[in-house]
Amino acid sequence: MRKLLVIGIGAGNPEHMTVQAINGLNQADVLFIPDKGARKSDLAELRRQICDRFVTNPKSRRVEFDVPVRAEPTSSYRVTVDDWHEAIAEIYEGLIRDELDENGCGAFLIWGDPSLYDSALRILERVGLKGNVGFKLEVIPGITAIQALAASHATALNRMGDCILVTTGRRLIEEGLPANVGSTVVMLDGKCAFNTLTDQDVFIQWGAYLGTPDEIILSGRLGDVGAEIEKVREENRRKKGWIMDIYLLRKPGKPEE
Ligand SMILES: C[S@@+](CC[C@H](N)C(=O)[O-])C[C@H]1O[C@@H](n2cnc3c(N)ncnc32)[C@H](O)[C@@H]1O
């Protein structure tokens, strides 16, 4: 039976690669490298660098594939994502069927960790359920952007006894900061959602391009640094053509019981 390794490659620094991830790369006959278009070519380049640096298996091959661009959500966000996942599932199925021998091993290189805001596992489950190609799955965990953010700010994610919420920019705009959450990590925010918060005393620890040579971090009281973060974010997004950023928010005062 074919084997698929879903390998977390870390959040931007090739040295986030774990020994398990490196061994996984070298176990695979085929390394699948997604290409998400010109704007995200730096990310494909990092995957290539990781393969150049860590792959020593002379028999392994790299197969690059285009990832379709997600349509702008129309009536329903979930329907749009479902259509997009279906299109990617067809691509994955083709790759597994056409590029791997019956007993071959393929590896998908996943940004950060496959369990966090990444669809590869859900899409591969979909491919499995269709039943056209059989495979067994193994997941190798990676360093997430959340860990990279905490490390760069030399901070613990939770205050003592606190719980941590991980959410998206879209949900922060819709729901604000829940009352009983001590620390909130916000990902996938293209709109500086922190600017919609009314409490200007919230403390923000922000990071962009974490783990890469372009890493930027800023922190402070939202009322003092919110506008600066937005400006720096926009300048860098324009300059590079893309940005990935993440931040941690905490209300002032002691954690609520
Ligand atoms: C599709 S999610 C993928 C998360 C990934 N699976 C992980 O474990 O970190 C992409 C989001 O992760 C965050 N992110 C990933 N890498 C990052 C980095 N190097 N610097 C800042 N944010 C990053 C950003 O919030 C971005 O919008």
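**Exercise 1. The ligand site**

A nitrogen atom of the ligand sits 2.8 Å from a polar backbone atom of Leu116. The model is predicted. Task: work out which other residues place polar atoms by the ligand, and how much of the ligand the protein buries.

Solution.

Step 1. Start with the backbone. Leu116 supplies one polar atom, 2.8 Å from a ligand nitrogen. Leu210 also takes part through a backbone N or O atom, 2.9 Å from a nitrogen atom of the ligand.

Step 2. Turn to side chains. Trp111 has a polar side-chain atom 2.9 Å from a nitrogen of the ligand.

Step 3. Apply the cut-off. A polar contact needs N or O atoms within 3.5 Å. The Leu116 pair, at 2.8 Å, meets it. The Leu210 pair, at 2.9 Å, meets it. The Trp111 pair, at 2.9 Å, meets it.

Step 4. Check the cover. The ligand taken alone exposes 560 Å². The protein buries 90% of that area.

**Exercise 2. The shell**

Task: how many residues surround the ligand, and which are the closest? Then sort the shell by class.

Solution.

Step 1. Count the shell: 16 residues surround the ligand.

Step 2. Pick out the closest: Ala11, Asp113, Leu116, Ala145 and Asp245. Leu116 is also the residue with the backbone atom 2.8 Å from a ligand nitrogen.

Step 3. Sort by class. The shell holds 11 nonpolar, 3 polar and 2 charged residues.

**Exercise 3. Salt bridges within a helix**

Task: take the pairs Arg170 with Glu174 and Arg237 with Glu234. Where do the partners lie, and how far apart are they along the chain?

Solution.

Step 1. Recall the principle. Side chains of opposite charge can pair when their charged atoms come close.

Step 2. Test the first pair. The closest N and O atoms of Arg170 and Glu174 are 3.9 Å apart. The cut-off is within 4 Å, so this pair counts.

Step 3. Place the first pair. Both residues lie in helix H6, residues 169-175. They are 4 residues apart, about one turn of the helix.

Step 4. Read the exposure. Arg170 is partly exposed at 43% relative accessible area. Glu174 reaches 55% and counts as exposed.

Step 5. Repeat for the second pair. Arg237 and Glu234 bring their closest N and O atoms to 2.8 Å. Both belong to helix H7, residues 222-240, and sit 3 residues apart, about one turn of the helix. Arg237 is partly exposed at 32%. Glu234 is partly exposed too, at 27%.

**Exercise 4. Other charged pairs**

Task: which side chain meets Asp98 in a salt bridge, and which residues are linked in a network?

Solution.

Step 1. Find the partner. Asp98 meets Arg97, with an N to O distance of 2.9 Å.

Step 2. Classify both. Asp98 has a relative accessible area of 53%, so the residue is exposed. Arg97 has 43% and is partly exposed.

Step 3. Name the network. Salt bridges link Asp82, Glu86, Arg126 and Lys130.

Step 4. Give the total. The model has 22 salt bridges.

**Exercise 5. A nonpolar patch**

Task: which residues make the nonpolar surface patch? Is Ile164 buried or partly exposed?

Solution.

Step 1. List the members: Tyr117, Ile164, Val166 and Leu188. Together they make a patch of about 350 Å².

Step 2. Locate one member. Ile164 is in strand E6, residues 164-168.

Step 3. Check its exposure. Ile164 has a relative accessible area of 38% and is partly exposed. Patch members need over 30%, so Ile164 passes.

Note on methods. Residues numbered from 1 in each chain as written. Predicted model: local features only at pLDDT ≥ 70, side-chain atom pairs only at ≥ 80, totals over all residues. Heavy atoms only, no water. Near = heavy atom within 4 Å. Polar contact = N/O pair within 3.5 Å; in protein donor to acceptor, adjacent residues only side chain to side chain. Areas by Shrake-Rupley, 256 points an atom, 1.4 Å probe, with all protein chains shown as cover. Nonpolar A, V, L, I, M, F, W, Y, C, P; charged D, E, K, R; others polar. Patch = residues over 30% accessible without salt bridge, like charges linked within 9 Å, V, L, I, M, F, W, Y side chains within 5 Å. Helix = DSSP H or I, 4+ residues; strand = E, 2+ residues; numbered from the N terminus. Buried < 20%, exposed > 50% of the residue type's maximum accessible area, 1.4 Å probe, protein only.
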